[in-house]
Each structure stands twice: as C-alpha cells, then as structure tokens.
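The following exercises concern cysteine pairing, charged side-chain contacts and annotated segments. Each task is followed by a solution in steps.

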Amino acid sequence: MGEPPGYRPSAWVHLLHQLPRADFQLRPVPSDFAPQEQEYQQALLVVVALAGLGLGLSLIFIAVYLIRFCCCRPPEPPGAKSPLPGGGCVTWSCVVALLIGCAGIGIGFYGNSETSDGVSQLSSALLNANHTLSTIDHLVFEMVERLDEAVRTELTTLEEVFTQRTELVAAARGTRRQAETVAQQLQGLAFWQGVPWSPLQVAEDMSFVEEYRWLAYVLVLLLELLVCLFTLLGLAKQSKWLVIVMTVMSLVVLVLSWGSMGLEAAAAVGLSDFCSNPDTYVLNVTQEETGLSSDILNYYFLCNQAVSNPFHQRLTLSQRALANIHSQLQGLEREAIPQFPSAQKPLLSLEETLNVTEENFHQLVALLHCHGLHKDYGVALRGLCEDVLEGQLFLLLFSLLSAGALATALCSLPRAWALFPPSDDYDDTDDDDPFNPQESKRFMQWQPSI
C-alpha cells in the first residue's frame with residue numbers, strides 16, 4: 001500500500017514493532033495492531049504488568065535496605081557527636097539523585113507538550129476532513145435543489161410559452177431531461193451523506209480526553225518537582241520533619257512514576273504496531289463504521305495511480321449534461337426570444353442557475369479529488385506516529401529517571417537525617433524568644449534567685 005505524503009515509519013516505530021510480545025500464558029503474539037483481539041490486549045497488559053513488577057521489586061529493595069539500616073546499624077557511643085563515616089557521600093548521592101529527578105521533570109514537560117501537539121495535529125486533520133466532507137454534501141444538495149427548482153419553474157414556464165412551436169417545446173423538454181440527469185448523477189456524489197460516523201465527533205472526543213491527560217501529567221510533574229525541591233530544602237536546612245514528610249511524598253510519587261511508566265510503555269508499543277502499517281487497520285475500521293465501499297475508501301486512503309476515481313463516470317456524465325444544457329439554452333435564446341419575448345426572463349434565470357451550478361460543479365470536482373482528504377490523512381498520521389509517539393517516549397524516559405531518582409532518595413534520606421545534629425529543632429529559633437525552650441529553662445533557673 002502507498003504511504004501518505006510526508007509520512008514514513010520512523011526508526012522508533014520499527015524498533016518497538018520488532019520487540020517480542022506475549023500473552024498471559026507467555027505465548028508469542030503477532031505484532032499486528034489488533035486491539036479488538038483478546039490476545040493482543042493481553043500482550044499490552046503484560047507490558048503494563050512489567051512496570052508493576054518493577055514497582056514491586058523497587059519497594060522490596062527499599063524495604064530491605066531500610067530494615068537493614070535500622071536493625072543492623074552499630075550503636076553510637078554515648079555523647080558521640082562526630083558524624084558517621086560516609087555521611088557526606090550519602091547526602092551528596094541523595095542530592096545528585098534529586099537533581100537527576102529534576103532533569104527528568106524537564107524531559108517530562110517536553111514529552112507532555114509533544115504528545116499534546118501531536119493530538120492537536122490529529123484533531124486539526126480530522127476537522128479539516130470533516131469540513132471537506134460537509135462541503136461536498138452541501139454543494140451537492142445546493143446544486144440538486146437549484147436544478148429541481150429550475151425544472152419545476154423556468155422549464156415548465158418555457159414549455160407553456162412554446163406551445164405553438166413543437167420544436168421549441170422538444171428543446172425545452174430535452175433541457176429538462178438533461179437537468180434531471182445532472183441532478184440524478186450529483187446525488188450519487190454525496191457519498192458521506194447519512195454516514196453515522198463523524199470525524200468531528202472523534203476530534204471532539206480526542207480533544208476532551210487529551211485535555212485531562214495533559215492536566216494530569218502537569219499535576220504529576222509539578223508534584224514531583226515540589227517533592228524534589230522541598231527535599232533539597234530539608235537537606236540544606238537539616239530539618240528532620242520536612243525530610244520525613246518528603247520521604248512519604250517521595251514514596252507516593254514513586255508509585256505514580258511506575259504506574260505512568262507502564263501506561264506509557266503500553267501506549268508506545270501499541271502506537272508502533274499501528275504506525276508500522278496504518279492503512280490496513282484504518283481501512284477496515286472505517287469500512288465497518290461507515291459502510292462505504294472499498295473502492296471509495298481505497299481511493300482516498302491510498303490515492304495512487306493504481307486506484308481509479310470511483311466518481312469518474314458520474315462526473316463525466318454530469319459535465320456532458322451541463323454542456324448540453326448550456327448549448328441548448330443558447331439555441332433557445334437565438335430562436336425563441338425574437339418570437340416569444342416573454343421567454344427572455346425564464347431563459348436568463350436558467351442561464352444564471354446554470355452558471356452557478358457549473359461554478360459549484362468545478363469546486364465539487366476539486367473537493368472529490370483524493371489529494372485533499374489524503375493530505376489530511378497524512379497529517380493525522382504524522383501527528384500520531386511522530387509527535388505523539390515521540391512524546392510518549394520522552395514521558396517514558398521521565399518516568400524511568402523519576403523512579404530511579406526517587407528510589408535512590410528513599411534509600412538515602414533516612415541515613416541523611418540520621419546525620420542531622422540533635423539541635424536541629426532549635427537552629428531557627430531566636431535566643432531572645434521567651435517561648436524558646438532553652439530561654440524558658442534559663443528563666444526558671446533565674447526565678448528562685450529573685
């Protein structure tokens with residue numbers, strides 16, 4: 001099958017499409033995009049389950065590490081104030097991990113923006129296609145209405161005026177038959193009329209879902225950014241309570257990171273399968289949803305020399321009929337107006353109707369050509385298979401960096417706050433504050449001497 005203009009499957013599509021897939025019984029599953037089949041759905045769920053397995057292993061490792069740290073730590077000698085050996089490395093490893101997490105957040109914002117741009121491009125292409133299809137239906141309806149009105153009024157009037165000249169009546173009836181032929185042929189060109197599936201509805205649904213997806217990712221990214229910044233602040237201020245709260249929040253964000261990683265990986269794998277050969281799936285689904293013939297769908301989705309225009313015969317007959325009407329009206333104007341002055345007004349009205357119909361007909365021919373809709377199809381594929389897929393890969397990288405950074409921070413933070421000096425709670429208090437516990441103690445010692 002021919003590829004849409006400007007679209008070529010990227011290297012990421014080929015790479016992800018070649019990855020093996022398996023169902024719940026670990027049996028191989030073909031890489032063909034088939035979301036309606038249970039085996040393919042299971043293969044994508046297995047990808048999500050791998051992220052869940054990674055989350056479980058991370059939590060087990062963190063729990064084992066913290067239990068070993070709490071239970072196997074050697075007791076400190078009484079009154080010892082010297083820092084434990086390796087304390088600086090622990091703190092700096094936590095800081096570096098958090099800085100890597102901040103860098104991953106920047107990557108996440110870029111990936112979220114790329115995904116949103118791709119969905120916007122896809123929605124714009126669907127709206128353009130919907131506008132083209134609606135315009136075709138509108139032009140056909142307008143031309144048929146004009147021709148029917150001309151047959152009912154002007155041509156009927158001319159037949160009544162030409163009653164005394166049988167040859168003129170025959171010419172008027174011939175014009176009537178040609179107009180009816182054009183109207184009949186034009187009605188077959190409104191192929192989208194009555195189709196229950198609407199690109200406009202699909203675009204609106206996608207925009208609605210994308211709005212909430214974008215907002216959810218922005219909230220997750222901002223949450224992780226706040227966790228990283230406040231954790232760094234807690235380490236700099238040596239505030240135990242702030243570090244403890246951020247440790248709990250880091251655990252929550254770790255779970256969110258692994259969960260989003262599973263969704264992003266499944267989305268990237270599914271997109272790669274679709275984008276490796278989109279024509280087959282799109283043709284089958286569109287034919288099922290619309291009920292259109294395969295000739296029409298192949299013409300618009302493939303748009304190459306091997307596929308002929310299914311409307312060529314109707315367009316040719318309509319054009320010939322319009323040309324015949326035009327020549328017949330010119331003949332009637334030359335012969336009838338000198339003898340029947342009252343025929344001038346309906347003939348001029350018919351000429352005006354014919355000119356408008358021919359103008360609309362040329363516009364209809366241009367819209368029915370496959371180039372416009374096929375271009376929209378290519379734009380939609382580029383938005384989905386390039387921008388959206390690239391955005392999902394960047395979001396996947398963000399989730400991976402985030403999960404690694406937060407796991408490292410969760411292992412390092414308990415050891416870091418163990419190094420904080422015990423006077424941490426009073427570092428930020430004022431010596432002259434009467435509510436300061438140390439000042440209160442001095443006051444109690446001073447009071448008996450009064």
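The exercises below refer to this predicted model.

**Exercise 1. Disulfides**

Determine how many disulfides the structure holds and which cysteines form them.

*Solution.*
1. The criterion is a pair of cysteine sulfur atoms within 2.5 Å.
2. Cys275 and Cys385 satisfy it, with sulfur atoms 2.0 Å apart. This pair joins distant parts of the chain, namely helix H7 and helix H12 (residues 370-418), across 110 residues.
3. Cys303 and Cys370 also form a disulfide, at a sulfur separation of 2.1 Å. Here Cys303 belongs to the loop between helix H9 (294-302) and helix H10 (312-336), while Cys370 is in helix H12, 67 residues apart.
4. The count is therefore two disulfides. With the bonded cysteines numbered in sequence order, the pairing reads 1-4, 2-3.

**Exercise 2. Handedness and burial**

Assign the handedness of each S-S link and state whether its cysteines are buried.

*Solution.*
1. The torsion about the S-S bond of Cys275 and Cys385 is about -90°, so this disulfide is left-handed.
2. For Cys303 and Cys370 the value is 60°, and the link is right-handed.
3. Buried means under 20% relative accessible area. Cys275, at 0%, is buried, as is Cys385 at 1%.
4. Cys370 is buried at 5%, whereas Cys303 is partly exposed at 23%.

**Exercise 3. Unpaired cysteines**

Explain why Cys94 and Cys228 are too far from their closest cysteine sulfurs for a bond.

*Solution.*
1. For Cys94, the closest cysteine sulfur is in Cys228, at 9.4 Å, which is too far for a bond.
2. For Cys228, the closest is in Cys102, at 4.3 Å, and this is again too far.
3. Cys94 is buried, at 0% relative accessible area, and Cys228 is buried at 1%.

**Exercise 4. Salt bridges**

Locate the salt bridges of Arg21 and Arg213 and describe their sequence separations.

*Solution.*
1. The whole structure contains seven salt bridges, including these.
2. Arg21 meets Asp273 at 2.7 Å, N to O. Arg21 lies in the loop between helix H1 (11-17) and helix H2 (38-71) and Asp273 in helix H7 (residues 240-276), so the pair ties together parts 252 residues apart in sequence.
3. Arg21 is buried at 9% relative accessibility, and Asp273 is buried at 2%.
4. Arg213 meets Glu210 at 2.8 Å, N to O. These residues are three apart in helix H6 (residues 199-237), about one helical turn.

**Exercise 5. An annotated segment**

Characterise the chain over residues 242-261.

*Solution.*
1. The unreviewed UniProt entry lists residues 242-261 among its "transmembrane region" features.
2. In the model this span is 100% helix and 0% strand, with end C-alpha atoms 28 Å apart.

How values were computed. Residues numbered from 1 in each chain as written. Predicted model: local features only at pLDDT ≥ 70, side-chain atom pairs only at ≥ 80, totals over all residues. Heavy atoms only, no water. Salt bridge = Lys/Arg side-chain N within 4 Å of Asp/Glu carboxyl O. Helix = DSSP H or I, 4+ residues; strand = E, 2+ residues; numbered from the N terminus. Buried < 20%, exposed > 50% of the residue type's maximum accessible area, 1.4 Å probe, protein only. UniProt positions renumbered as here; feature names shortened; annotations may be inferred.
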